Structures are given as structure tokens and as C-alpha cells.
Amino acid sequence: MSSILLKIENNIGFITLNRPEVFNSFNREMALLMQDTLDQCTKDDNVRAIVITGSGKAFCAGQDLKEVTTPELMPGFRKILEEHYNPIIQKIRTIEKPVVGAVNGVAAGAGANIALACDIVVASENAAFIQAFSKIGLVPDSAGTFFLPRLIGFQKAMALMMLGDKVSSAEALQMAMIYKVFTPETFEAEVSKLASTLAAMPTKALGLTKRLLNESMTNNLEQQLALESKLQIEASSTNDYNEGVTAFVEKRIPEFKGN
């Protein structure tokens, strides 16, 4: 069975990391397939929201250590980062559609940082986040050093990355690392409900909002104001803007088409 599963349903692309026997850890084949699947969701106009989750008990344990400890399989860390994880992170951040990280279980190492790169992160009560790199003498990658301190602050991020503490979903919620936590019994239903809400919204406007927040990481105030003006003009030219205004005037629920 494929290491990455894709199900498109009700304008949602459900991407499932599917190597449960190794806690959905990535090898080269899986990483390249993940990139292809993200590209497929990007190009498919029927997909207006994306969910990334894991099969079995884990979300993702990061890199498959068997691959890096088996000489004939070892692709080298340069290739692992430049051809596997960095492109995955870049695709998640640049897809102008909402991406939900649905963390069903443990997310460790690169797996944790792939989750945190998503636009909205929700977790099961069974989930946990671990910056596991220091445990084996490595440094955090997959943009963890970019996103985590921006989410929870420099001091807290430094401690979690140096100590490799296991952070429960409840703790992650408390420190604003993630958006919401659901019970295991309601997790799938709540994720589908959230994704359905996003898929029914004005996709173009959500994508432009995502672009604005991405650029805000490095822009100064003047640059950000200019970009807001530019993208607001772009948003105001969409069919969904016309529908939203018309529905407001007519006092009805808008029917957005994503364009």
C-alpha cells in the first residue's frame, strides 16, 4: 500500500501519512510522494482545503532512522534536507489554500515541524510534540527553528529544542503552539467539520491571507501595508467578493465558489 494516501471528498484533499508500522516516519520514497501529492492538491481546483494526518497511532516520527543507518540506503543529510523536507515545508507554506495539520498521535522531529508548518494545527488528546533532534546529536530542521519560536516565544522554543521535552497536546494548546484539541472519539469528525468550513469559504481570499502572513515574517510595516493594499485590490476583483457582498445585502448565506 502507498506510503501516502490521498482522498478528495467534498472539496477537501485528505492526505494521510501511511507507514504506521514505523510511526509514519519518512524515507525518500515517501518524501517524494508527499511532494507529488501536495502538488496534485495545489493544481486541482476541486480541492479547496487540505488536511494532513497520520494513520495508526502516530502522526509522524520524523526521519526513518533505518534509512540513515543503512549504508546502502543512506541518501545523505544534504539530500534528505534539500530534496525531502525543505520542499515539503515550502509547498505547505506556498499553497494558496488552507492546510490543516491534524495531529492524531505523536509528532516527533521533522514530523512535529511539518505539523507546525501547517496553517491551522489541531490535535487529539492522545497527541504529543517532541523536538527529538538533540536526543541523537542533531539540530532541528524542517523550519522548526523558524516557526516554533514565533509560535511560543524564543525562550520556550530554545528549552524544548535543547531538552527534547515531550509536550502533550494540552500543553501545546496552553502555550499557543496549536489551535484546538479534540477527544480521540470526536477527532476525525471535528477535523472534517473544520476542513469543510474552510473548503466552503472564499478560497482565493484565504490564499491571499496566507501570503500576507507569510510575508509579515520578514516585511517591515511599510512593506506590509503596501502588500495589504495590493492583495486587497486583488481580492476585491474576485467572484467570491461579489457574492459575499451581495449575500450580505440580501441577508442570506453566501455560496462561495473559490474564485
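**Notebook: side-chain contacts**

**Entry 1, Asp-119 and Arg-93.** I started at Asp-119, which comes out partly exposed, with a relative accessible area of 28%. Note to self: this is a predicted model. Next I looked for a charged partner and found Arg-93, whose side chain meets that of Asp-119 in a salt bridge at 2.7 Å, N to O. I then checked where the two sit: Asp-119 is in the loop between α4 (110–116) and β7 (120–124), while Arg-93 belongs to helix α3, so the pair ties together parts 26 residues apart in sequence. Is Arg-93 buried or exposed? I get a relative accessible area of 14%, and Arg-93 counts as buried because that falls under the 20% cut-off.

**Entry 2, Glu-234 and Lys-204.** I moved on to Glu-234, which forms a salt bridge with Lys-204, their closest N and O atoms being 3.2 Å apart. Helix α10 (residues 221–235) holds Glu-234 and helix α9 (residues 203–216) holds Lys-204, so this bridge ties together parts 30 residues apart in sequence. I looked up both accessibilities: Glu-234 is partly exposed at 25%, and Lys-204 is partly exposed too, at 31%. I also went through shared partners, and salt bridges join Arg-93, Asp-119 and Lys-210 into one network. That takes me back to the pair from my opening entry, Asp-119 and Arg-93.

**Entry 3, the salt-bridge count, then Arg-28.** How many salt bridges does the structure hold? I count 11. One I wrote down is Arg-28 with Glu-83, where the closest N and O atoms are 2.9 Å apart. Arg-28 lies in helix α1 (residues 28–43) and Glu-83 in helix α3 (residues 77–94), so the two tie together parts 55 residues apart in sequence. Arg-28 has a relative accessible area of 26%, partly exposed. Glu-83 reaches 33%, again partly exposed.

**Entry 4, aromatic pairs.** Searching the whole structure for ring pairs gave me two. I took Phe-26 and Tyr-85 to begin with: the ring centres are 5.8 Å apart and the planes stand at 85°, so I log the pair as edge-to-face. Phe-26 is in the loop between β2 (12–17) and α1, and Tyr-85 is in helix α3, so the rings tie together parts 59 residues apart in sequence. Both cover checks were quick: Phe-26 is buried at 1% relative accessible area, and Tyr-85 counts as buried at 2%.

Then came Phe-146 and Phe-147, another edge-to-face pair, with 5.1 Å from centre to centre and 85° between the planes. Here I noted that Phe-146 is partly exposed, at 30%, whereas Phe-147 is buried, at 11%.

**Entry 5, charges over rings.** What sits over the ring of Phe-146? I found the charged end of Arg-150 there, 3.8 Å from the ring centre. I also jotted down Lys-7, which lies over the face of Phe-14 at 5.3 Å from the ring centre.

**Entry 6, a nonpolar patch.** I turned to the surface next. Leu-65, Phe-77, Ile-136 and Leu-138 make a nonpolar surface patch of about 360 Å². I followed up one of its members, Leu-138, and placed this residue in the loop between β8 (128–130) and α5 (144–152). Leu-138 comes out partly exposed, at 36% relative accessibility.

**Entry 7, cysteines.** How many disulfides does a search of the whole structure find? I got zero. Cys-41 is in no disulfide, and the nearest cysteine sulfur to it, that of Cys-118, is 12 Å away. I looked from the other end as well: the closest cysteine sulfur to that of Cys-118 belongs to Cys-60, 11 Å off, which is too far for a bond. For the cut-off, I needed two cysteine sulfur atoms within 2.5 Å. Last check of the session: Cys-41 is buried, with a relative accessible area of 0%, and Cys-118 is buried as well, at 6%.

Notes
Residues are numbered from 1 along each chain as its sequence is written. This is a predicted model: local features need pLDDT of at least 70, side-chain atom pairs count only at pLDDT 80 or more; totals for chains, interfaces and linings use all residues. Side-chain values use heavy atoms; hydrogens and water are left out. A salt bridge is a side-chain nitrogen of Lys or Arg within 4 Å of a carboxyl oxygen of Asp or Glu. Helices (H or I, at least four residues) and strands (E, at least two) are DSSP runs, numbered from the N terminus. Buried means under 20% relative accessible area, exposed over 50%, partly exposed in between (1.4 Å probe, protein chains only). Rings of Phe, Tyr and Trp (its six-membered ring) pair if their centres lie within 6.5 Å; planes under 30 degrees apart count as stacked, over 60 as edge-to-face and the rest as tilted. A charge sits over a ring if NZ of Lys or CZ of Arg is within 6 Å of the ring centre and within 35 degrees of the ring normal. Patches are made of residues with over 30% relative accessible area and no salt bridge: like charges are joined within 9 Å, nonpolar side chains (Val, Leu, Ile, Met, Phe, Trp, Tyr) within 5 Å. Accessible areas come from the Shrake-Rupley method with a 1.4 Å probe; for residues, only the protein chains shown count as cover.
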